[in-house]
Amino acid sequence: MAGSATADDIMVYRLSSWKLLVKTYTSYFEALVSAEKAAKKTLEKAMSDFDVPLKEDHCFTSFDRAGVQQLGSQLKNVHQMFSAQHSSVIQGMESDTLMQLDKLRAEIKDCLKVYTDHLSPIYKRLRKQAKEVEECKEKLVHAVESYKKKHRASDAWLMQQQVRRELVKQAELENALFMAVQAERERLNRWEATVAERLRDIVASVVVRERDSVQTNLGSINSCLGYLGQFDPASETRVFEQHFGPVLSAPMGLSGHSALADYDYMHRDSEATTVLLEGPLEREKGVVKKFQPTYA
């Protein structure tokens with residue numbers, strides 16, 4: 001059905017479908033914004049928990065020199081860029097994408113209102129006119145039947161003229177409705193092409209924004225990978241040995257050649273502790289008093 005400006009009107013159904021479609025896109029991008037915000041929050045928490053460079057005293061090379069702490073710094077730089085990407089996507093969707101979709105949806109609603117405001121009065125007048133035509137037809141039938149029965153009634157010829165006048169009005173309204181539908185159809189076709197184009201541009205702007213963010217992130221990733229490729233695994237050990245090698249070479253002043261003769265203690269060489277003779281012998285041991293070998 002077309003031209004009734006009701007829910008059954010195909011043009012109303014079409015515009016309502018456009019409105020639903022744009023609403024679905026809006027819901028999708030709103031969900032993306034929520035996901036981006038959650039990812040950004042989680043990423044920032046992870047970076048804050050990843051406390052590198054270390055704040056306390058440590059034995060690693062300083063933050064500004066190539067070493068394992070600089071590895072952490074490079075890693076955080078990459079994910080800080082990811083966090084910036086999330087922020088950019090969120091800002092772009094909230095300040096541009098969602099606003100454009102809301103504007104588009106409002107425009108669809110306005111277009112639907114214009115259509116219904118234009119067609120609804122014509123359709124209502126046509127229905128009213130059709131009803132009046134039917135009433136006149138019934139009166140004409142009654143007048144003709146009364147004439148055949150020789151009953152006094154309304155003049156059948158006059159009733160026929162009334163029917164003809166009402167049918168002319170109905171024809172005019174039908175033609176007006178037809179012309180109105182065709183005019184609205186042409187207008188909506190032109191407008192619909194712009195809506196599809198704008199929806200395409202909205203989606204494209206989101207993808208372009210994400211592509212640019214990915215390219216920026218790729219530069220940060222390549223920079224980090226370049227550092228990792230040039231990283232010298234032995235650098236930390238070398239610097240550590242340079243700083244603490246002397247201390248480790250003589251821990252607590254030790255040389256690694258300690259011997260019994262190096263230690264002194266009271267009565268080390270007294271007569272009571274001097275050994276006069278040593279060797280194996282047999283001693284009488286046990287309850288049975290048997291001789292058993294021993295060393296003394």
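**Entry 1: the start of the chain**

I began with Met1, which at 57% relative accessibility counts as exposed, and I noted at once that I am working from a predicted model. I placed Met1 in the segment before helix 1, and I then looked up what it touches: setting aside residues up to four places away in sequence, I found Asp8, Asp9, Ile10 and Tyr123. I also looked up the C-alpha atoms of Met1 and Met11, which are 10 residues apart along the chain and are separated by 8.8 Å.

In that segment before helix 1 I also located Ala5, and I stopped at its backbone, for Ala5 has a positive phi of about 60° although it is not a glycine. Is Ala5 buried or exposed? I found a relative accessibility of 14% for Ala5, so I entered it as buried, the cut-off for that class being under 20%.

**Entry 2: helix 1 against helix 3**

I turned next to the packing of helix 1 (residues 10–49) with helix 3 (residues 156–230), and I read an angle of about 10° between them, with their axes 13 Å apart. Because angles under 35 degrees count as roughly parallel, I wrote helix 1 down as roughly parallel to helix 3. On the helix 1 side I listed Met11, Arg14, Leu15, Trp18, Leu21, Tyr25 and Phe29 as making the contact, and on the helix 3 side Leu188, Trp191, Glu192, Val195, Ala196, Leu199, Val203 and Val206. How many nonpolar, polar and charged residues does the contact of helix 1 with helix 3 have? Sorting them by class, I have 13 nonpolar and two charged residues, with no polar ones.

**Entry 3: aromatic pairs**

I then went through the rings and arrived at a count of three aromatic pairs. One of them is formed by Tyr28 and Phe29, which I recorded as edge-to-face, at 5.5 Å centre to centre and with 65° between the planes. Phe29, which I had already met among the residues of helix 1 that touch helix 3, is buried, with a relative accessible area of 4%.

Another pair that I looked at is that of Phe240 and Phe244, whose ring centres are 5.1 Å apart and whose planes stand at 40°, so I entered the pair as tilted. I noted that Phe240 and Phe244 are separated by about one helical turn, because they are four residues apart in helix 4 (residues 235–249). I found Phe240 to be partly exposed, with a relative accessible area of 28%, and Phe244 to be partly exposed too, with a value of 32%.

**Entry 4: the loop between helix 1 and helix 2**

In the loop between helix 1 and helix 2 I looked up Pro53 and found that the peptide bond leading to it from Val52 is cis, with omega near 10°. Phe63 lies in the loop between helix 1 and helix 2 as well, and I followed it back to Pro53, 10 residues away along the chain, where I read a C-alpha separation of 6.1 Å. Not counting residues up to four places away in sequence, I found that Phe63 touches Pro53, Gln69, Gln70 and Ser73. Its relative accessible area is 39%, so I put Phe63 down as partly exposed.

**Entry 5: Gln85 in helix 2**

I moved on to Gln85, which lies in helix 2 (residues 68–148). At 17% relative accessibility I count Gln85 as buried. Which residues is Gln85 in contact with, leaving aside its neighbours within four places in sequence? I found Glu210, Ser213, Val214 and Asn217.

**Entry 6: cysteines, and a second positive phi**

I looked for disulfides and came to a count of zero. Of the cysteines that I looked up, Cys59 is partly exposed at 47% relative accessibility, whereas Cys111 is buried at 5%.

I closed with Met252, which I found in the loop between helix 4 and strand 1 (280–285). Its phi is near 60°, a positive value in a residue other than glycine, and I set it beside Ala5, with its positive phi of about 60°. I noted Ala5 as buried at 14% relative accessibility, whereas Met252, at 83%, counts as exposed.

Notes. Residues are numbered from 1 along each chain as its sequence is written. This is a predicted model: local features need pLDDT of at least 70, side-chain atom pairs count only at pLDDT 80 or more; totals for chains, interfaces and linings use all residues. Side-chain values use heavy atoms; hydrogens and water are left out. A disulfide is a pair of cysteine sulfur atoms within 2.5 Å. Buried means under 20% relative accessible area, exposed over 50%, partly exposed in between (1.4 Å probe, protein chains only). Axes are lines fitted to C-alpha atoms, for helices over the stretch in contact, and angles run from 0 to 180 degrees between N-to-C directions. Helices (H or I, at least four residues) and strands (E, at least two) are DSSP runs, numbered from the N terminus. Angles under 35 degrees count as roughly parallel, over 145 as roughly antiparallel, 65 to 115 as roughly perpendicular and the rest as oblique. Contact means heavy atoms within 4.5 Å. Ala, Val, Leu, Ile, Met, Phe, Trp, Tyr, Cys and Pro count as nonpolar, Asp, Glu, Lys and Arg as charged, and the others, Gly among them, as polar. Rings of Phe, Tyr and Trp (its six-membered ring) pair if their centres lie within 6.5 Å; planes under 30 degrees apart count as stacked, over 60 as edge-to-face and the rest as tilted.
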